Amino acid sequence: MKTAQINRIMAMTLAGVFMTMMSFAQGDKSTRPSPPATASGKINGATITINYSSPSVKGRQVWDPSGTLAPYGKVWRAGANEATIFETDKEIKVDGKPLPAGKYSLFAIPDQKEWKFIFNSQTGQWGIKRGGEANRDPANDVLTVSAKPAKSSSMNERLVYDVTGKAVVLKWENVEVPLSIK
């Protein structure tokens, strides 16, 4: 074979290996700035699982009326990247209201004194639209409940959900929001 042909074959082989590596790297969600996380536990015999992406504070103002990360008074995807998924294997009561067994996208409307949590039957969508607003179709809302935020006893750099024996608690920065479940 001629040297030019060998060089061309080598270059094409290296390009193929490089492209394959790039496609695998893009599929690895754990390398994202807001990596995937899961919280799971039992409440009154029901298994609750929350799949979400966990953003970091990184010195930013999280709860901000001007709308940088989780703006007050606006629908937020309750995480990063894809919409947060809340799943229960049995019917539960959230803030006293029934939620059938199933999978839901979980959205929130944060505010200083009261939050709204929205369980939406549409799942699998990216969490925001191109314009930055939450990718939620209100026609698919199944349940909306309220919760009171409280000051956290410690700083949470990353967004965390905790499934306790009687609540799901969202913790991020200096805020904790317990969502009562029975």
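## Briefing: strands, salt bridges and ring pairs

Aspartate 141 is partly exposed, at 24% relative accessibility. That value is above the 20% under which a residue counts as buried. The model shown here is predicted. Its protein chain has one helix and 10 strands. The points below move from the whole chain to charged pairs, then to aromatic rings, and end with one threonine.

**The chain as a whole**

- The protein chain has 182 residues, and 38% of them count as buried.
- Along the sequence, the pattern is α-β-β-β-β-β-β-β-β-β-β. The helix comes before the strands in that order.
- Take the contacts between residues at least 6 apart in sequence: 56% of these join residues at least 24 apart.
- The accessible surface of the chain is about 10,200 Å². Carbon and sulfur atoms account for 55% of that surface.

**Salt bridges**

- How many salt bridges does the structure hold? The structure holds four.
- One of them joins arginine 136 to aspartate 141, the residue that opened this briefing. Their closest N and O atoms are 2.5 Å apart.
- A salt bridge also links lysine 171 with aspartate 162, with an N to O distance of 3.6 Å. Aspartate 162 is partly exposed, at 30% relative accessibility.
- Some bridges share partners, and Glu114, Lys116 and Lys148 are joined in this way into one network.
- Within that trio, lysine 116 bridges to glutamate 114. The closest N and O atoms of the two are 3.4 Å apart.
- Are these two residues buried or partly exposed? Lysine 116 is partly exposed, with a relative accessible area of 32%. Glutamate 114 is partly exposed too, at 34%.

**Aromatic pairs**

- The structure holds six aromatic pairs.
- One of them is formed by tryptophan 76 and tryptophan 115. Their ring centres are 6.3 Å apart.
- What is the arrangement of this pair? It is edge-to-face, with 80 degrees between the planes. An angle over 60 degrees counts as edge-to-face, so the label fits.
- Where do the two tryptophans lie? Tryptophan 76 is in the loop between strand E2 (46-53) and strand E3 (84-88). Tryptophan 115 is in strand E7 (residues 115-120).
- The two residues are 39 apart in sequence, so the pair ties together separate parts of the chain.
- Both rings belong to buried residues: tryptophan 76 has 6% relative accessibility, and tryptophan 115 has 1%.
- Ring pairs also build a cluster, made of Trp76, Trp115, Phe117 and Trp172.

**Threonine 144 and its surroundings**

- Threonine 144 sits in strand E8 (residues 141-147).
- Threonine 144 is partly exposed, with a relative accessible area of 35%.
- Which residues does threonine 144 touch, apart from its neighbours within four places in sequence? Its contacts are Lys97, Lys116, Phe117 and Ile118.
- Two of these names appeared above. Lys116 belongs to the salt-bridge network, and Phe117 belongs to the ring cluster.
- Alanine 108 is 36 residues away from threonine 144 along the chain. The C-alpha atoms of these two residues are separated by 9.2 Å.

Notes. Residues are numbered from 1 along each chain as its sequence is written. This is a predicted model: local features need pLDDT of at least 70, side-chain atom pairs count only at pLDDT 80 or more; totals for chains, interfaces and linings use all residues. Side-chain values use heavy atoms; hydrogens and water are left out. Helices (H or I, at least four residues) and strands (E, at least two) are DSSP runs, numbered from the N terminus. Buried means under 20% relative accessible area, exposed over 50%, partly exposed in between (1.4 Å probe, protein chains only). Contact means heavy atoms within 4.5 Å. Accessible areas come from the Shrake-Rupley method with a 1.4 Å probe; for residues, only the protein chains shown count as cover. A salt bridge is a side-chain nitrogen of Lys or Arg within 4 Å of a carboxyl oxygen of Asp or Glu. Rings of Phe, Tyr and Trp (its six-membered ring) pair if their centres lie within 6.5 Å; planes under 30 degrees apart count as stacked, over 60 as edge-to-face and the rest as tilted.
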